[in-house]
Amino acid sequence: MAISDLAITGSTQGAMAVRRDGRVILAWILLLLVLTAPLPAGSNRPVIWLMLGGGLGLLGVIWFSRRGVLIGSGLRGWFGVIAIAMAQPLWGVAQTLGLSQPVSIDPGATLLAVVRMTANVGFFMLALEAFSRPGLGRRMMPPLFFGVCAHALWGLIALRYLGDAALWGEKLAYVGDATGAFVGRNAYAAYLGMGLVLGTVLLAEVWRGKGLARLGYLLGMVVIMAVLISTNSRLGVGLGMAAAALAALLMGAPRSMVGVLAVLTALALTAFGAPLLERGFAWRGDIAVRWGLYADTLRLIAERPLSGFGLDGFAQAHEMTRSRAQYDAFVFTDAHSSYLESWAEAGLLIGTMPFLAGILVFSRLLRSSFRNRATVVAAISTISLAALHSLFDFAYEIEANLLLLLFIGAIGASEAYPRDDARHRISRGTHV
């Protein structure tokens, strides 16, 4: 019997109303977390990871204990992805306790990584639960976009009018580059790039209409674009704009909108792009250093191809084995490639599991029907952006960026389901 055919009593109606309100409240809590995560240096600090793990753990206990028989309704169809994503933190436990041989090179760091990764999986699960209410994910996109705009505006003010100030203390690195509340320009550029994708999707939806929405989205994109260019991140600017172009293509954006954005991009590059252009020509030395780092990382992978050196153990492992003659002046705590770093820390098999989980989500999005194109396009474009950026940098290992990526991914995933189940889900969705 279909849910819509059931006779619903007054008490049942009240319970369903509470459940719906609960999903809305949960979505707003997660949105607040995503938008405040950049403030403490991108949440790239162990104490933040512990607080995040404890807070999300408590929220999860409260949420799943109150759902009763409907526990996990938003997770249906995603249990396999969640299990794959949990493989790496579970392997980290084995590395810490000595259940794998050889053991982690830095057990303390590995244990912190386990907490962080488990919290991230829990965050994604809670987001799927929240967005199981039809249309809620789409409703979260405008406030999410304008939240990213606020971070962009702060970055612009801090750079241009506050003497390149930083929220987290004295700015010692990336002086002259917009970094916002983050420490590094690439991490900030990655965050802004996802915001640019959101703006493109939202603007494409309202472009043919009239009103303040189109003007608001357009102004927000101008701010994000100007600050993104001001980060002087070659990788972040290039991929961010490419991801926005992909979003426009998938949304079937009108030519007039594409033309306006192209003109605005050219103006922004003219006004703010001189340092970026200068860095664009100074790439030979950077490539030599980066290639030396990648060669060292490949040697680490070859030394422990199955076990890895332990989650978050790259810095210590690399310092012991680095080719000092090639780049002795540099100290690397990350491999500047999330793929290579994951394989070096967790081994080739377990180190592939997070990326496999992402591939499964991405393929589901590509092959599915959906109620709202904007949500799925935003997810496809941001996942594409993260996947390419992670080839050459670690920006999406920064907690604030990963939370934003997971949030957008969950919005799209909640709207994605097999094509042969489309009619059933659409008819059922209004009653869930």
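**Aromatic contacts, cores and helix packing in a predicted model**

The charged end of Arg116 is placed over the ring of Trp49, at 4.5 Å from the ring centre. A second arginine is arranged in a comparable setting: Arg364 lies over the face of Trp78, 4.1 Å from the centre of the ring. The model examined here is predicted.

The chain contains 18 helices and 2 strands. Of its 432 residues, 52% are buried. Among the contacts with a separation of 6 or more, 79% are accounted for by residues 24 or more positions apart.

Aromatic rings also meet one another. A pair of aromatic rings is described by the distance of the centres and the angle of the planes. In total, the structure holds 8 aromatic pairs. One of them joins Phe123 and Phe407, whose ring centres are 6.4 Å apart and whose planes are at 40°, a tilted arrangement. The pair counts as tilted because its angle falls neither under 30 degrees, as in stacked rings, nor over 60, as in edge-to-face rings. Phe123 belongs to helix α4 (residues 107-130) and Phe407 to helix α17 (residues 399-414), so the pair ties together parts that are 284 residues apart in sequence. Both Phe123 and Phe407 are buried. A further tilted pair is formed by Phe182 and Tyr188, with 5.8 Å between the centres and 35° between the planes. Phe182 and Tyr188 are likewise buried. Phe123 and Phe407 also belong to one aromatic cluster together with Phe131.

The nonpolar interior was considered next. In soluble globular proteins, nonpolar side chains tend to be buried together. The largest nonpolar core has 103 residues, and the members that touch the most others are Leu30, Phe131, Leu144 and Phe407. Helix α6 (residues 185-206) supplies the largest share of this core, with 14 residues. Phe131 and Phe407 thus appear both among these core residues and in the aromatic cluster. Leu30 is in contact with Leu56, Leu59, Phe123, Leu126, Ala127 and Phe407, when residues up to four places away in sequence are not counted. Another core, of 13 residues, lies apart from the largest one; its members include Phe314, Ala317, Phe332 and Ala344.

Helix α17, which carries Phe407, also packs against helix α16 (residues 373-392). Two packed helices are described by the angle between their axes and the distance between the axes. For α16 and α17 the angle is about 140° and the axes are 7 Å apart. The crossing of α16 past α17 is left-handed. On the α16 side, the residues that meet α17 are Thr375, Val376, Ala378, Ala379, Thr382, Ile383 and Ala386. Their counterparts in α17 are Leu405, Ile408, Gly409, Ile411 and Gly412.

Ser390 is also located in helix α16. With a relative accessibility of 8%, Ser390 counts as buried, because the cut-off for a buried residue is under 20%. Beyond its neighbours within four places in sequence, Ser390 is in contact with Ser337, Ser338, Tyr339 and Tyr396.

Val260, in helix α9 (residues 255-272), has a relative accessibility of 29% and therefore counts as partly exposed. With neighbours within four places in sequence left aside, Val260 has contacts with Trp207 and Leu218. Val260 and Leu218 are separated by 42 residues in sequence, while their C-alpha atoms are 9.5 Å apart in space.

Backbone geometry was also examined in the loop between α1 (10-36) and α2 (46-66), where Ala41 is placed. Most residues other than glycine have a negative phi, and most peptide bonds are trans. Ala41, a residue other than glycine, has a positive phi, near 55°. The relative accessibility of Ala41 is 6%, so Ala41 counts as buried. Ser43 is found in the loop between α1 and α2 as well, and its phi is also positive, near 60°. Ser43 has a relative accessible area of 5% and is buried.

Terms used:
Residues numbered from 1 in each chain as written. Predicted model: local features only at pLDDT ≥ 70, side-chain atom pairs only at ≥ 80, totals over all residues. Heavy atoms only, no water. Phe/Tyr/Trp six-rings, centres within 6.5 Å; stacked < 30°, edge-to-face > 60°. Helix = DSSP H or I, 4+ residues; strand = E, 2+ residues; numbered from the N terminus. Buried < 20%, exposed > 50% of the residue type's maximum accessible area, 1.4 Å probe, protein only. Lys NZ or Arg CZ within 6 Å of the ring centre and 35° of its normal. Core = buried A, V, L, I, M, F, W, Y, C linked by side-chain atoms within 4.5 Å. Contact = heavy atoms within 4.5 Å. Axes fitted to C-alpha atoms, helices over the stretch in contact; angles between N-to-C directions. Left-handed = near helix turned anticlockwise from the far one by under 90°.
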